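Trainee: I'd like to go through the labels on this one with you. Can we check each against its cut-off?
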Amino acid sequence: MIFHKKRHIALYGAVLAMLVFVCGCGKKEKTASDTPEYLYAAAGCAECHSLTSGDDDSGKIPLNTEALTEAQFASALRQGKLPDGSDMGDIMPWKYYARITDGDTVKLYEYYMKTAFPGEKISVGGALPAASPFKEDTSKTPQYNRGMYLVEALGRCGACHSPEEGGKPLSGGVYETEWTAYNITSDPAAGIGKWSSEDIEKYLKDGVVPGKGNAISGMGLFVEVSSGLLSDSDRKAVAVYLKSAAPYGGGEEKARFEWGEPYDGVNSLRKAMVRLDKPEDKDGAVLYNGYCASCHGFTGEGNDSAAVGGFPSLTHNSTVGASEPNNLIMVILNGTERTYGGKTAFMPAFSGELDDGEIAAIASFVTGRFGNPAVKITPADVKKFR
Amino acid sequence: MNEKNSADVVIVGSGVSGCLIGSRLAAKGADVLILEAGPRVTRSHIVENFRNSPYKGDFQSPYPPAPYAIHPQYSPSNNYPVQAGPHGYPAGYMRMVGGTLWHWAGMAWRMLPSDFIMKSKYGVGRDWAVTYDELEPYYYEAEVEMGVGGPEEGWPAPRSKPFPNPAMALPSFDKKVGDTIKPSGYNLITEPVARNTRPFDGRPACAGNSNCMPICPIEAQYTGETAVRKAEKAGAVIHENCVVYKIEHDNKGRISAVLYKTPDGSSHRVKGKIFVLAANAIEIPKLLLISASSKYPDGMANSSGQVGRNLMDHPGTSVRFLSKEPMYPGRGPMRASCIPDFCDGDFRKERAAVKINLGNYSSARGITEYLLSKGIYGEKLNSMIRDYASRWVIFNSMFDILPRPENRVTVSGSFKDVLGIPYPEIHYSIDDYVDKGAAFTRGHFGKLAEIFGGTEIAYTDSYMNNNHMMGTTIMGDDPKDSVVDRDLRTHDHPNLFIASGSVMASAGTVNSTLTISALCLRLADALLKETAKG
Ligand SMILES: Cc1cc2nc3c(=O)[nH]c(=O)nc-3n(C[C@H](O)[C@H](O)[C@H](O)COP(=O)(O)OP(=O)(O)OC[C@H]3O[C@@H](n4cnc5c(N)ncnc54)[C@H](O)[C@@H]3O)c2cc1C
């Protein structure tokens, strides 16, 4: 099932796409899971904010130049309200952060003060705005409940992966002209029901699961600043929770990653050279070979594709096999650059080099062979994403 | 046809030289028009041409030229430029948007301070009209523009700042070779390259396609298309398919316009305040010479008679042998390291300096041809290809040829292109200054082969070209024996400038493009001041 949600305020995804990549400091050693640093990572604050007060050149959303009081901080987190009373809107996932416990909220405040306003007086006291208390499911294991807390509160997965309010949780956020956050429910075809727990943990750790998918753009950034820094046991808890999240699907034929065959037609493309002043063929297979195959391979099976920073296989790849071509078009247009554990996964942006028709031809060749052949991309589709 | 027919600054040629200047000037708001003889081409077109070409070893092959803007072709030869001998000068360059940088190898070297003062230091050749120190900040700017990565040690050209990118990781072949020759006293250093060693400027890191020449398929290398994209983004206008064939002057000797032809043969005039020729060291002298008028019967900018003269390249010889142990060449960039030990010294009074390069080539094709020529077929052929490919070692060399007036580009009296524009003709000979350097180098080639227990040693003593065309509008302080001054302004025409290897007054032993780029950036700075004056 495809959910389209149009939002009039700035899209979370849009902001993610704009964020300038800031080199992380590599992978931190495992920290105890309740330190302020750890909570800061688990809440993924660095996805949008750099913890310097005021403007810096990171391209991230600047913090207020004046330190917030503890109560103001909690109100920003839980109500999406700035001290002047204005609303941050859905771009701040306050509906999720409102579920963070008082204890953790106070620790996040501590980290915020320590990092952004070192040496300044911490102003605590006064009642915090009420949390939306988080109900543990006592019939389930502590691991499940920890996973729920990470997914539904701190990690606020649904901010991207759930459709608009009232929709089916985690069943995917599809934005008309933006990145899609896929269905991550346990539905075997529409969601990630066929991913093993280990697959999910590996994905959250380094963003690469060969034969399944690669984290790019927003998810790539999330891995970089958040899930990749968590403890193994927390990633396991997330996987346990996601594997048991209610399945929602729309009768999809296959899971995203199940599509695709290697291309074996490269020899049929060989022909006479084309003079420089004559137009070269704009056929999708030819363009794929000219622009993409030197990294993704003539057959589309990638190169060193299991490695972080390797070139992903396009067959059995969620981005390619999805029924919405959003992410495929977006990544061709804008490229991606993410660093996991000191290794950089990079794809250049082709928006300047290729026109809508060329990108449509390439994308349709790619879905036709390496993905779901029913998905066809027109030049008009590409234009929408520019 | 083209809407723009005048500009404050008119540049002829959209190679890296023209684009760097255009980009810097346009970024500061100047009105820049670049006229380019050849067509616009995409990377995919070239990559597919390369794959379709039966002549993989000929780097000009995947670039079959437009008939109205031909450039050298060798498989088979199109006789362009015409070779008048006695030595051949098989130049490699392209006429298309982005120019020759589409298929360079990204070696991005600074020349040595001595290279700029050959005459005063060693009594041979010429001195430049600019010094290394004056060029140094522009070398650095060029390195940043191109994202050069290189080693901090091992090359005695002083640097004010570290390389913008880390040095490339050496292929295992180069490492092995370096370790093997070290005990015998040879140094092997990593080449500085304009080939990304990490994602940089929106371009990916080198992925080891081992295809730098004739085309980097992923633009990890800073190439012609990079230069063009940046120039256009900065606001420079590029008109392709405009073959400039005449430079016009007023009665005071200032340039008033250039004339170009479009593929249909029609002529067009473009007026400007400042003109920059960036059409490379073969096409620039040709254009100056064919622009002769009654006031300038020997061609434009040619009161010294030096236009077209002092043609240089880096003539090269090579050795190839089978090493006793497998070395596994051919993975990663095609060229990654060199021996810098003979690039400078008092010996330059007598003989040419030399840079010895290690070739990290995949030689399966050459080996196959070699074995077939020895009558080896079948299963034996297969296993021998495998074995030879792992042990095939190639060193080649680049000599510092001196600028000599008799080595020159002239205009062919007999060959014209479809637009009626004459071919360039090349007169070239290699003197004993280089021969002595080659004899010295052959000795070292022999020693190197010996270190590896080399067998089947083959020397190539006939000089190869290295596609570094230089000298043909040489720079100097004296208008009587040089074409441009220290600011690259022609001595004869105050608003005509030249941006190309053609202004270089010595060749040195290193690839020329970073030096050309530094000169261009310095010129751009000077032109900004000039345009500000109005
Ligand atoms: C195979 C090969 C490998 C190389 N490797 C290296 C290397 O590793 N390192 C290095 O430093 N250098 C290398 N070079 C040299 C390098 O490519 C050149 O130095 C560089 O490209 C010169 O740039 P340019 O802009 O001055 O000239 P060009 O790139 O030749 O540009 C001149 C432009 O002027 C245009 N033009 C010509 N005539 C006219 C006209 N009449 N009207 C309008 N436009 C015209 C041409 O079409 C062209 O676009 C290599 C060259 C080759 C061929």
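Trainee: What makes strand E9 and E15 of chain B a pair?

Mentor: Two strands pair if DSSP finds at least two bridges between them. E9(B), residues 316-322, and E15(B) have 5 bridges, in the antiparallel sense, so they pass. One bridge joins Ser318(B) to Thr460(B) in E15(B). Strands here are DSSP E runs of at least two residues, helices H or I runs of at least four, numbered from the N terminus.

Mentor: Ground rules: this is a predicted model, with local features needing pLDDT of at least 70 and side-chain atom pairs 80 or more, while totals for chains, interfaces and linings use all residues. Residues count from 1 along each chain as written, chains are lettered from A and ligands numbered from 1 in written order, and side-chain values use heavy atoms, without hydrogens and water.

Trainee: Why is E15(B) called an edge strand?

Mentor: The open sheet runs E4-E10-E11-E12-E9-E15 in chain B. E4 and E15 of chain B each pair on one side only.

Trainee: How do you know that Glu36(B) makes a polar contact with the ligand?

Mentor: A polar contact is a pair of N or O atoms within 3.5 Å (within protein, one must be able to donate a hydrogen and the other to accept it, and sequence neighbours count only if both atoms are side-chain atoms). A polar side-chain atom of Glu36(B) lies 2.5 Å from a ligand oxygen, so that qualifies. Thr100(B) also has a polar side-chain atom 2.6 Å from a ligand oxygen.
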